[in-house]
Amino acid sequence: MKKTIIFLIALIFVVSFTFGCNNSEVEELKEQVAELSEKLAEEEALAEQEEEVEELKVEEKPASIPWSEAKYHIGETITVYGPIVATSIEESTYGEVTWLDIGNMYPDPERFSVWIDSLNISKFSQAPDIYYYGKNISVTGLIVEVDGIPHMEVADPGQISEDEEVEKAVEEPSEEEPEEEPDTASTTEEETEEVVEEAEPVEEAVEETIEKVLTAPTISLEIIEGPAFSQLGDNTCYYRVRAHITGDPSPAISFNKDDSLGSLGGNISQVNLHNKGDSFTLEATATNSQGTASASITLSYTCQKHIPILVNNNTGGTLSLSLSGPASYNFSIPPGQQNIYVIPGTYNYTARGCGGAVESGTEDLSKSGNEWDWWCK
């Protein structure tokens, strides 16, 4: 286009000055040049607009999101951050599944849940359900939807990081040149004595403050899991109870019963009840140098009758199975056969396996001894 315009301009001069072209022909050539120039300007403006539109279309994917927005990113691999407000462990014959609830605790539908199956739990140097409880974390992985709730599987400790609190920056002294001071020894000595005199009351105030923050303990008990039916087939109905304490110095906690033998942490006790009608009063005591506090809670065997369902896992890998119906369950089933124990009834299920495939449906689990087969299609 530009070459055509240059050619026409040159043609005007050649024709008009060399061959004596009349004014009407010259004017016609000028009009053609003007039209071509106008078209060229329009095409360049349109090209610039298209470039701007393409730039606007490019949007960066967010590097991380709060837990409350996870439901809008199903199917994406992304980093989610938020506070761990509850933890639990689902027991099975072949292992355990650890659950970390972020934002809201189970069974609140407005929550984000992370699970770690038995094959990967040994990679962690500390029990995740104890170590991460109450902390703010960031977790990276694929978000999947289970019963309308966003979930993420953690297969490696590197997927989780703790969010550090930002410490306030300490202001450094100004580097401006100091004003001239009288060059007298007496003045310096007087100022030094004043600083020492002012420092003594400050030290006394700090000591008084330290003494004031020492407080006697308080304690309260919360059922964090249960009544839950054991998946070991021994008809055990168990509870897990967390002791919440305050006090300075940090109080020591003791329980009058802990069937977990301390494996759940110093502030969580498990109580196993083996027969219908059984009950037990769990007592917890918190003690520090400022005093002692205690709390108690009575736990009863209220688990409904469960029946065994034989699951044949022929997928070649771990099968994650979530059930909702007469009760809610989450199972992590290794390759092979395993009995799961459920309250009889019809359940909605979501299964995850075969390298990330997800299947949902409905299954009648009302008869004891039913077999449920799974394989990769």
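**A friendly note on the spaces in this predicted model**

1. Let's begin with the largest pocket of this predicted model. Its lining is made up of 44 residues, and those nearest the centre are Glu90, Tyr106, Glu225, Ser328 and Asn330. Two or more lining residues come from each of strand 2, strand 3, strand 6 (149-153), strand 8, strand 9 (237-248), strand 15 and strand 16. Which of these strands gives the most? That is strand 8, with eight residues.

2. Now for volume and character. The largest pocket holds about 980 Å³. Sorted by type, its lining has 22 nonpolar, 14 polar and eight charged residues.

3. Next, look at the second largest pocket, with a volume of about 300 Å³. It has 15 lining residues, and Trp115, Glu153, Arg352, Gly355 and Gly356 lie nearest its centre. Strand 5 (136-146) and strand 18 (345-353) are the elements that supply two or more of the lining residues. Here the lining divides into five nonpolar, seven polar and three charged residues.

4. Pockets are not the whole story. How many cavities of 30 Å³ or more does a search of the whole structure find? There are two. As background, a probe the size of a water molecule, rolled over the atoms, reveals where space is left empty.

5. The largest cavity encloses about 60 Å³. Around it you will find Thr87, Ser88, Ile89, Asp129, Ile224, Glu225, Arg240, Leu264 and Ile268. Glu225 is worth finding on screen: it lines this cavity and is also among the residues nearest the centre of the largest pocket. Strand 2 (77-92) and strand 8 (215-229) each provide at least two lining residues, and strand 2 gives the most, with three. By type, the lining has four nonpolar, two polar and three charged residues.

6. The second largest cavity has about 40 Å³ of space. Its lining consists of Val97, Trp99, Trp115, Ser320, Leu321, Ser322, Asn330, Phe331, Ser332 and Arg352. Strand 3 (95-102), strand 15 (319-324) and strand 16 (328-333) each contribute at least two of them. Five of the lining residues are nonpolar, four are polar and one is charged. You have met some of these names already: Trp115 and Arg352 lie nearest the centre of the second largest pocket, with three others, while Asn330 has such a place in the largest pocket.

7. Finally, a word on confidence. The average pLDDT of the protein chain is 82, and 76% of the residues reach at least 70. Over residues 165-174, however, pLDDT stays under 50, and the model has zero contacts there beyond four places in sequence. Predicted coordinates should not be read in detail where pLDDT is low.

Conventions:
Residues are numbered from 1 along each chain as its sequence is written. This is a predicted model: local features need pLDDT of at least 70, side-chain atom pairs count only at pLDDT 80 or more; totals for chains, interfaces and linings use all residues. Side-chain values use heavy atoms; hydrogens and water are left out. pLDDT is the predictor's confidence in each residue, from 0 to 100. Contact means heavy atoms within 4.5 Å. On a 1 Å grid over the protein atoms alone, a cavity is a set of points where a 1.4 Å probe fits but cannot get out, and a pocket is an open set with protein on both sides within 12 Å along at least five of seven lines; lining residues have an atom within 4 Å of a point. Grid points are joined across faces, edges and corners, and a volume is the space filled by probe spheres set on the points. Helices (H or I, at least four residues) and strands (E, at least two) are DSSP runs, numbered from the N terminus. Ala, Val, Leu, Ile, Met, Phe, Trp, Tyr, Cys and Pro count as nonpolar, Asp, Glu, Lys and Arg as charged, and the others, Gly among them, as polar.
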